[in-house]
Amino acid sequence: MFFFFFNLLLLLYPSTSFPLCTNSEAPITLKIPLKFCSYNGSSCCNSTEDSQLQKQFQAMNISDPSCASLLQSVLCARCDPFSAELFTIDSVPRPVPRLCNSTVSTNSSQSNEATNDFCSNVWDTCQNVSILNSPFAPSLQGQAGGAPVNSNFTKLTELWQSKTDFCNAFGGVSTNGSVCYDGEPIKLNGTGTPSAPHGLCLEKIGNGSYLDMAAHPDGSNRAFFSNQQGKIWLATIPEVGSRGALQLDESNPFIDLTDEVHFDTAFGMMGIAFHPNFAQNGRFFASFNCDKGKSPGCTGRCSCNSDVNCDPSKLGTDNGAQPCQYQSVVAEYTANGSTAQPSSAENARPSEVRRIFTMGLPFTSQHGGQILFGPTDGYLYFMMGDGGGDGDPYNFAQNKKSVLGKIMRLDVDNIPSAAEINRLGLWGNYSIPNDNPFSEDSDLLPEIWALGFRNPWRCSFDSERSTYFMCGDVGQDLYEEVDIVSKGGNYGWRVYEGPYPFNPISSPGGNTSANSISPIFPVMGYNHSQVNKQIGSASIIGGYFYRSNTDPCMFGRYLYADLYSGAIWAATEDPENSGNFSTSTVQFGCARDSPLQCSSVPGSDNAALGYIFSFGQDNSKDIYLLTSSGVYRVVPPSRCSYTCSKETSTAVETPGPTTSPLPSYSNQLSPISWLLSALFLLLLSIA
């Protein structure tokens, strides 16, 4: 049956690329993502082949992280659904894929239209790096693949005379009859995921610098904004298309907690959350840091304790601070005192109703702190980093008796008695949901919902699929990741940093073996080498699935960013609900008629945002960027002269919560493309 469709495709479209593996079989449908190679959904590799590629990679013994990242992707291209096209040149099998080495031609079938000279990138990054058993040996060029021959030469500069010779041997361009590899999974114009939008158009509506945003639970056009110093403001948001600015009185905050909050570079108010029934009960919550040397109420148990085999007296100071001098706090407040109707309250008293959680931090970094309510269960989710220290030296993130490096799930509606809190050893005033993972894994602390995080920095639930709980997790030296968080999931740190094995410098708290866990690898992310090469740093900012009608070409894509580089990514899942994402950076400009003046990055059309701290979402599902230079909102692409075939006057000017399903992309695909897609799906179903 497969070859019937194979021959049909050749007869109908002899110059069109289609999914096919090097063994002349159709790609398989993966039940779970591969561990080493970043392929989900469909792939030409099974788990055994994935493991073999990992062993081949490890045998190369590549010391340079940037080169290692590129070589891993090159090896994993064998798992690409188009691997037959990539690894066969003029009917001759090759040990490495055809590497894109020029701009994609005008008659290219590849949808990314990448100007990425990937072959040059491999040469520039790896030319002087030792690669044992190199797949780039000249004797293998043009010959059948297999284990590379042994050679005393390990560097590209020893194997090839120049970059030109190297790319003449391994490079190529994409045409209608072929594809080339540019470091990302292959996508075609007529199949799979549609091309990324031309750009993300922003308008600047506020000059303030905020760390968090929460839509007002009453469903109105209002939202709360908080800064790191400890203030929360209630603002009115102008309608899209009104050309209005954010209505917010800086001199009159909704609540001022600066007397309680310890503010410093890595400390402050980390998150805010308003109870789903805030409009009736007036309850809201703040997550912040305090200094027990300055605040009498800053008294929590140290996270370095005997339960986790940690002795705080052996930690020493960190940036001049004693162990557990600084604490992570979640406290409850109320707006009931200022008005009979909490939804109309414009101010709240800075007096705690109760202390929900207090914990001493072992070091002065990586302590997360975001809080949010689950959209269907009403429980409070609390994101906590590994507590700091280079490489999580005490292995807190993998320790099931520590709440560091975890996402917690707490019931703040049913407060137990003091005796019950003491009996259960809880960290504060909350109860444990009965269906938390501890009910299935007795070794877990009952608060824990998921583990293995370094520093989760901004998580969100998809407003149309509550099971998609997305979290950006900040890496250390190599990789920034986005995870789909599920109950009881282990996300790998510090056994892995993203998809890469991690070896800590020191391990006074012991190690966790890779064989003892079943890590869930990220669904998207990026290497530090891909961004910010000037300062060599990166820090991911998790975002949201875009569910507004304002930019219909962005609908259904997950947006995330980097703190330092000013880069924004749009990720598209294909097929839907598969967990298989393709990502690309998107240009982001400022609307010509922005309510507040924007500036551009010198030498670029991108808006100069400064540092990107967080994303936000309002009750109309419009998306905001909270940056060091102000508050920006995503607006219709035409206001930046970006092309979007789906944009209409109705779609872009009428605000309000969206109830539309994920739109069909049929108007973007030709009849040929739809036939190819239908045949591909049929091939997958019978493979």
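Leu 99 is in contact with ten named partners once neighbours within four places in sequence are set aside: Val 74, Phe 118, Cys 119, Val 122, Phe 136, Phe 170, Gly 171, Gly 172, Cys 180 and Tyr 181. The model is predicted.

**The cores**

Leu 99 also stands out in the largest nonpolar core. That core has 44 residues, and Ile 62, Leu 99, Phe 136 and Phe 166 touch the most other members. Several elements each give two or more residues to this core: α2 (47-60), α3 (65-76), α4 (83-87), β5 (99-100), α5, α6 and α7 (163-170). Helix α3 supplies the largest share, 7 residues. A second core is separate and holds 43 residues. Leu 200, Trp 457, Met 554 and Tyr 632 are included in this second core. In soluble globular proteins, nonpolar side chains tend to be buried together.

**Helix α5**

Which residues of α5 are buried? They are Phe 118, Cys 119, Ser 120, Val 122, Trp 123 and Cys 126. These buried residues pack against α3, β5, α6, α7 and β6 (171-172). Phe 118, Cys 119 and Val 122 recur here, as they are also contacts of Leu 99.

**Three polar residues**

Is Ser 73 buried or exposed? Ser 73 has a relative accessibility of 16%, under the 20% limit, so it counts as buried. Its place is in helix α3. Beyond neighbours within four places in sequence, Ser 73 is in contact with Phe 118, Tyr 181 and Gly 183. Phe 118 and Tyr 181 also appear among the contacts of Leu 99.

Ser 134 belongs to the loop between α5 and α6. Its relative accessible area is 6%, again under 20%, so Ser 134 is buried. A polar atom of the Ser 134 side chain lies 3.1 Å from the backbone nitrogen of Phe 136. Phe 136 is one of the core residues that touch the most other members.

Asn 128 sits in the loop between α5 (118-126) and α6 (156-159). Its relative accessible area is 52%, and the exposed class begins over 50%, so Asn 128 is exposed. Where does Asn 128 make contact beyond its neighbours within four places in sequence? Its partners are Lys 155 and Thr 157. The C-alpha atoms of Asn 128 and Lys 155 are 5.5 Å apart, although 27 residues separate the two in sequence. The side chains of Asn 128 and Thr 157 are joined by a polar contact of 3.3 Å.

| Residue | Relative accessible area | Class |
|---|---|---|
| Ser 73 | 16% | buried |
| Ser 134 | 6% | buried |
| Asn 128 | 52% | exposed |

**The whole chain**

The protein chain has 11 helices and 34 strands. Of its 687 residues, 57% are buried. The chain exposes about 27600 Å², and carbon and sulfur atoms supply 48% of that area. Sequence separation can be read from the contacts as well. Among contacts between residues at least 6 apart in sequence, 64% join residues at least 24 apart.

**Cavities**

How many cavities of 30 Å³ or more are there? The count comes to 4. The largest cavity has a volume of about 60 Å³. Its lining includes the residues Pro 33, Leu 34, Lys 35, Phe 36, Cys 37, Ser 38, Tyr 39 and Asn 40. Pro 499, Phe 521 and Pro 522 also line this cavity.

Note on methods
Residues numbered from 1 in each chain as written. Predicted model: local features only at pLDDT ≥ 70, side-chain atom pairs only at ≥ 80, totals over all residues. Heavy atoms only, no water. Helix = DSSP H or I, 4+ residues; strand = E, 2+ residues; numbered from the N terminus. Buried < 20%, exposed > 50% of the residue type's maximum accessible area, 1.4 Å probe, protein only. Contact = heavy atoms within 4.5 Å. Polar contact = N/O pair within 3.5 Å; in protein donor to acceptor, adjacent residues only side chain to side chain. Areas by Shrake-Rupley, 256 points an atom, 1.4 Å probe, with all protein chains shown as cover. Core = buried A, V, L, I, M, F, W, Y, C linked by side-chain atoms within 4.5 Å. 1 Å grid on protein atoms, 1.4 Å probe; cavity = no way out; pocket = protein on both sides within 12 Å on 5 of 7 lines; lining within 4 Å. Points joined across faces, edges and corners; volume = space filled by probe spheres on them.
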